[in-house]
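Visitor: Please choose a single part of this structure and take me through it closely, and then set it in the context of whatever surrounds it.

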Amino acid sequence: TAVFPALFPYRVALSIAGIVLLTVGNLRGIRESGSFFAVPFYVYVVSVLAFLAYGLIRFLTGTIPPYSPPPDWAPQAVSGLGLVLIFRAFSSGAVALTGVETISNGVPSLEAPESRNARTTLTAMAFTFGAIFLGIGLLASHLGIVPDPSERETVVSQLVRLITGPGWFHLFIQVSTAVLLIMAANSPFSGFPRLSSILASDSF
C-alpha cells in the first residue's frame, strides 16, 4: 500500500485471499522446495543489506535530505494505551519467530548432520536479521522517522523513499518484503504437521 495507495482499503481482503490461496495449494499437496522458498529470502536480505550500507554511507557523509513528516502525523497522546501498545508490539514482534520455529520444527527434514545444520542456519538468521534490525533502527531514530498513524506506509518504506527516492528501488524493496511475508505465511502449513508428529512421538 506504500507503493500502491489505492489498495489500502482492500488490505484485509488481499491478506485473506493470500491465506486462502496458500490453504488451497497446501490442501492440494504442493511440495515445499527449499530452493524456491530460499530465493525470496536471499533477494530480500541482499537488497535490504545493500540499502542499509548505502544509507549509512549517506548518513555519515551528511547527504540524506531532511525528513519532515506531514503535520497531521504529530505524536499523539497515548496515556491509558500503554497495555494496548505493549500487546500490539508483542503481536508484531512475534511474527519474527516464524522463521525460528520453522527451522526448529523442521530439524528432522534437514540434511545430515541435522542438529549442526539447524544451529548454523539459526545462527546465520540471528546475525542477519539482527544486523537489519539494528541498521533500520539506527537510521530511523537518527533521521527522526515518524510512524504513519494511518498505517498506510511503514517506517521502512519511508526510510527507503527518503534515502533512495521514490523510484524503482523503493518499489523493489516493498515487493520483495511482501513476497517474503507471503512465503513466511506458508511456514505453519509445513511446520504444524512436523510439530504434531514430534509431539505425538513424545506422547504429548
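Guide: The expected span of a helix is taken as 1.5 Å times one less than its number of residues, and that is a useful yardstick for the part I have chosen, helix 7. Please keep in mind throughout that this is a predicted model. Helix 7 covers residues 168–184, which makes 17 residues, and the distance from its first C-alpha to its last is 24 Å, close to the 24 Å expected at 1.5 Å a residue. Several of its residues are buried, namely Phe 169, His 170, Ile 173, Gln 174, Ser 176, Leu 180 and Met 183.

Part of that list returns when we turn to the neighbouring helix 6. Phe 169, His 170, Ile 173 and Gln 174 of helix 7 are met by Ser 157, Val 160, Arg 161 and Thr 164 of helix 6. The axes of the two helices are 9 Å apart, and the angle at which they pack is about 160°. Because an angle over 145 degrees counts as roughly antiparallel, helix 6 is described as roughly antiparallel to helix 7. The crossing of this pair, helix 6 with helix 7, is right-handed.

Helix 6 also packs against helix 5, here at an angle of about 70° and with the axes 11 Å apart. That angle makes helix 5 roughly perpendicular to helix 6. On the helix 5 side the contact is made by Ile 136, Leu 139, Ala 140 and Leu 143, while helix 6 contributes Val 155, Val 156, Leu 159, Leu 162 and Ile 163.

From these packings we can move to the largest nonpolar core, which has 22 residues, and in which the residues with the most contacts are Phe 51, Leu 52, Leu 143, Ile 145, Leu 159 and Ile 163. Helix 7 supplies at least two residues of this core, as do helix 2 (34–61), helix 5 (114–143) and helix 6 (155–164). Ile 163 repays a closer look: once its neighbours within four places in sequence are set aside, Ile 163 is in contact with Phe 51, Tyr 54, Gly 55, Arg 58, Ile 64, Leu 139 and Leu 143.

As for the chain in which helix 7 sits, there are eight helices and zero strands. Of its 204 residues, 25% count as buried. Among the contacts between residues at least 6 apart in sequence, 68% join residues at least 24 apart. An example of two residues distant in sequence is offered by Ser 197 and Asn 105, which are 92 residues apart along the chain but have their C-alpha atoms 9.7 Å apart in space. Ser 197 belongs to helix 8, and its relative accessible area of 45% makes this residue partly exposed.

Two details of the backbone remain to be pointed out. In the loop between helix 4 (97–105) and helix 5 lies Pro 113, and the peptide bond that joins Ala 112 and Pro 113 is cis, with omega about -10°. In the segment after helix 8 (187–201) comes Ser 203, a residue other than glycine whose phi is nonetheless positive, near 60°. Ser 203 counts as exposed, because its relative accessibility is 70%.

Conventions:
Residues are numbered from 1 along each chain as its sequence is written. This is a predicted model: local features need pLDDT of at least 70, side-chain atom pairs count only at pLDDT 80 or more; totals for chains, interfaces and linings use all residues. Side-chain values use heavy atoms; hydrogens and water are left out. Helices (H or I, at least four residues) and strands (E, at least two) are DSSP runs, numbered from the N terminus. Buried means under 20% relative accessible area, exposed over 50%, partly exposed in between (1.4 Å probe, protein chains only). A nonpolar core is a set of buried Ala, Val, Leu, Ile, Met, Phe, Trp, Tyr and Cys residues joined through side-chain atoms within 4.5 Å. Contact means heavy atoms within 4.5 Å. Axes are lines fitted to C-alpha atoms, for helices over the stretch in contact, and angles run from 0 to 180 degrees between N-to-C directions. Angles under 35 degrees count as roughly parallel, over 145 as roughly antiparallel, 65 to 115 as roughly perpendicular and the rest as oblique. A crossing is left-handed if the near helix is turned anticlockwise from the far one by less than a right angle, and right-handed if clockwise.
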